[in-house]
Amino acid sequence: MVEMVSRPYAKAFEAFAAGNPDILCLSADLTSSCEVDGFRDRHPDQFLSLGMAEQNMMSFAGGLGLAGYRPFIHTFGVFMYRRPYDQLMASIAYPRRKVRLMGFLPGITTPGGMTHQSIEDISVMRSIPNMTILETGDATEVESICEAADSIDGPVWCRVLRGSVPRLFDTPIKVGEMRELSSGDDILVVTSGICTEEAMRARSALAKAGLSIRHLHLHTIKPFDSKALLDHIGSVKHGVITLENHVTEGGIGSLVAETMADAGVGKRLIRLGLKDTYAHGGSRPYLMRYYGLDALALVRGIEDLTKQNFGITEDDLDSARVEDVHSLVKAEAL
């Protein structure tokens, strides 16, 4: 049974930031939705609300960085790069300010539709010089994201999970490394974020079908250890499949494809994710099934890669968690 941890970010950020006067908590009118309302109430001298003015907030944070502070910006991911892109680039990335961009609701983790779903942020951030990219996949990574981000001499983009989060790992994020969750020699599966749990759901069914899976989980997307990935690719027979909570263009699928192309690797690659589409509103399990981001989609992708039909159905997979994404207070889960 997977342990579920309630609001790990709230506890972790307060434990990390409290008493450190150089760390300031910035919010863009989504304080409780980003789990820093308790920090605001208990540490008002380290909290600033910039309101729904994200362009100003980016320039303000850049100025704080110039003055020697290390601001942690909290809002939904979409509002930190679509609207204030110019200020993010000019005031934070270009001068390499120590600003930590804590982006909540990555991908289809919200039923709020395209206005709230951060589906192309990795593509954007990978193209920005000086930017580090981290993504959380479980409670342990959420708990360690602040320390990991604050270890970087420059801006850091973080995809943060909120609410009730499963604990899958027992070691914190080590920036620049990847997690090897299983060691097989048939297929390499590369996942990140919430898709890692989906790949883990498929592992036993694939093993029963006779497939030996090597599974890598990425929490550090930039910088990326290309040599380590190539070593893993060289250790499998059939090829690579990626699964991500993001569009397939510019995310980890593209990262793997670029690494293979640069090294002249001739093995086949299948990239699973959002295929040139926005996502509509709905529960996370529904959206993951509809857009092919779940465990069964991974199985079908592996069947395509190996040109075999394993006869695996949903009933053969480890059970999916059913979680309450809505509440009486915030029925829209925002």
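Which residue's side chain does the side chain of aspartate 121 join through a polar contact of 3.0 Å? The partner is serine 118, as the first of three close-up views of this predicted model shows.

**View A. Surroundings of aspartate 121 in helix 6.** Aspartate 121 belongs to helix 6, which spans residues 121-126. With a relative accessibility of 1%, below the 20% limit, aspartate 121 is classed as buried. Besides the contact with serine 118, its side chain forms a polar contact of 2.9 Å with the side chain of arginine 159. When neighbours within four places in sequence are set aside, the residues in contact with aspartate 121 are Tyr81, Trp157, Arg159 and His246.

**View B. Helix 7 and its N-terminal cap.** Helix 7 comprises residues 139-150, and 10 of these 12 residues are buried, so the helix is largely enclosed by the rest of the structure. The buried set consists of Ala139, Thr140, Glu141, Val142, Ser144, Ile145, Cys146, Ala148, Ala149 and Asp150. At the N-terminal end, aspartate 138 acts as the cap, with a side-chain oxygen 3.2 Å from the backbone nitrogen of threonine 140.

**View C. Crossing of helix 8 and helix 12.** The axes of helix 8 (residues 195-208) and helix 12 (residues 295-306) come within 8 Å and cross at roughly 55 degrees; the two helices are therefore oblique to each other. Their crossing is right-handed. Helix 8 contributes Glu198, Ala199, Arg201, Ala202 and Leu206 to the contact, and these meet Ala295, Leu298, Val299 and Ile302 of helix 12. Sorted by class, the contact contains 7 nonpolar and 2 charged residues, with no polar ones.

Definitions and conventions. Residues numbered from 1 in each chain as written. Predicted model: local features only at pLDDT ≥ 70, side-chain atom pairs only at ≥ 80, totals over all residues. Heavy atoms only, no water. Buried < 20%, exposed > 50% of the residue type's maximum accessible area, 1.4 Å probe, protein only. Helix = DSSP H or I, 4+ residues; strand = E, 2+ residues; numbered from the N terminus. Polar contact = N/O pair within 3.5 Å; in protein donor to acceptor, adjacent residues only side chain to side chain. Axes fitted to C-alpha atoms, helices over the stretch in contact; angles between N-to-C directions. Parallel < 35°, antiparallel > 145°, perpendicular 65-115°, else oblique. Left-handed = near helix turned anticlockwise from the far one by under 90°. Contact = heavy atoms within 4.5 Å. Nonpolar A, V, L, I, M, F, W, Y, C, P; charged D, E, K, R; others polar.
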